[in-house]
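Hi,

Here is the structure I promised to pass on. Have a look at it first, and then read on for what turned up.

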Amino acid sequence: MPATYGLIDGNSFYCSAERVFDPALHRVPVVVLSNNDGCAIARTPEAKALGIRMGDPWHLVRGRAELRPVRWRSSNYALYGDMSRRVYQVLAERVPRVEPYSIDEMFLDLDVPRDLASFCAGLRAAVLRIAKVPTCVGWGPTKTIAKLANGLAKDHAELGGLCDLTDPAERAAWYQRLPVGEVWGIGSRTQEKLARLGVASIADFIDADPRAMRDLLTVVGGRVQAELRGTSCLPLQMMVATRKGLACTRSFGRPVTRWSEMREAVAAYAHRAAEKLRAEELEACHPAVFMHTDPHAKGERYQHLQHAARIEPTGDSRDLIAEAVRMAEGLWRDGLRYAKAGVVLNDLVPAGQQARLFATREPRASARTMAVMDAINRQHGAGTLRPAATGIARSWSTRRAMLSPRYTTHISEIMQATAL
DNA sequence: TCTGGGGTCCTAGGACCC
DNA sequence: TCTGGGGTCCTAGGACCC
């Protein structure tokens, strides 16, 4: 267990990634929108200064006059994922161990024989120079403290992008000033519960009786409290955790009212989920389907329908489409206006290891067919070859009107230089 | 007209089994 | 008064995270 944990994260990561390849985005407000161009999920400081908040629905802010200078971008996860790998590479060459936590955050083992402030300053500089991404770094004796330090580095420009919470006295001073809701793992609901007990600041929280906190917030809250007190409960996870499940879920571009459209959408989601499964060499034994109406629609009753099934492990798109469509047909109700649907795959097992008692197709033939389809799609672009059930026109599809090119992962979208 | 997608973990109750 | 104990699976909901 390292004595010091660090957390490094990319500043406005998605926006920074967009800026790397588009100089016109420098020094102007940039906002990256969620899938379906629904709401703001990343904002540069210039955009924050204009009052755009996290999660602001695009349709409510797009028309505002003062937001004219904002450059909007649809989210481009192929680009962001690749930029994240570049950041990881830079770090992996410089610290003993790196644990990627999310696309834009990595925990660091900072047991290095160096002065940490200058070492971390060097890390920031290297990531900026090589991966072109501006970052902040925070560190302390536990992951939770490192995360808090990282947040302070981000929020307090005078810290110069670095924050050290190793010293207990300095920590205590911050704990007095910070609301408990700033802590990683304490969300708004928990903050409300604590407020009712008179626990407002982080200092109040760490002074509270641990038993009472465990009773109120379960083992999860107990762990947060211990971590804030300096007792490390969350080790660096170097083994890539085997994932529990994966999903493909989407809001529709407009309400879906016909079964033929829903069938197509569910087939397309099942196929996409199966592709993700195969990319990780996994198979699923417990697929589920859900569909629901618009929870925001006034005067319409919200309806959420879902169903799961046990099947022989498979990664074959055709099997999973058949199962998903069968379940969806059982859920379908005429007369509802569906806003969203999804396919979730649970109970994942390594591909090709399970004995199949009742397999519908010969496993090697299935694997070969899927491998050929995946290879063609890698080479010629996603969706080049796909099951017919997933639809041609896709009238239900999501919107992505302002998508930037996949500069680093698709040769046809690489940046071009032109001499004038 | 219009509000994302994809994860994790925990708890609790009911059915069922031995 | 008191009515087993322990296990799995399923579903649903809550809460959190990025």
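Let's start with the packing. The largest nonpolar core in this predicted model has 36 residues. The residues with the most contacts inside this core are F252, M262, Y269, M291, Y338 and L345. If you want to find the core by element, look at β9 (245-256), α11 (259-279), β10 (282-293), α12 (317-331) and β12 (338-350), each of which gives two or more residues to it. The largest share comes from α11, with 11 residues.

F252 is a handy place to begin clicking around. Setting aside neighbours within four places in sequence, F252 is in contact with M262, A265 and Y269, and also with Y338, A339, K340 and A341. The rest of its contacts on that count are N36, W396 and S397.

There's another core as well, lying apart from the one around F252. This other core has 35 residues, and F21, M83, V90 and V95 are among them.

Now for the charged side chains. The structure holds 21 salt bridges, and I'll pick out a few that you may like to look up.

What does the pair D374 and R278 tie together? Their side chains meet in a salt bridge at 2.7 Å, N to O. D374 sits in helix α13 (residues 363-380) and R278 in helix α11, so this pair ties together parts that are 96 residues apart in sequence. Both D374 and R278 are buried. Helix α11 is also the element that gives 11 residues to the largest core.

Next, K147 and E105: here the side chains form a salt bridge at 2.8 Å, N to O. Because K147 belongs to helix α6 (residues 143-155) and E105 to strand β6 (residues 105-109), the bridge ties together parts 42 residues apart in sequence. E105 is buried, with a relative accessible area of 10%.

R64 and E66 make a salt bridge too, at 3.0 Å, N to O. Are these two buried, exposed or partly exposed? R64 counts as partly exposed because its relative accessibility is 31%, and E66 is partly exposed at 42%.

Last one: D82, R85 and R86 are linked in a network of salt bridges.

That's it for now. Happy browsing!

Technical notes: Residues numbered from 1 in each chain as written. Chains lettered and ligands numbered in written order. Predicted model: local features only at pLDDT ≥ 70, side-chain atom pairs only at ≥ 80, totals over all residues. Heavy atoms only, no water. Core = buried A, V, L, I, M, F, W, Y, C linked by side-chain atoms within 4.5 Å. Buried < 20%, exposed > 50% of the residue type's maximum accessible area, 1.4 Å probe, protein only. Helix = DSSP H or I, 4+ residues; strand = E, 2+ residues; numbered from the N terminus. Contact = heavy atoms within 4.5 Å. Salt bridge = Lys/Arg side-chain N within 4 Å of Asp/Glu carboxyl O.
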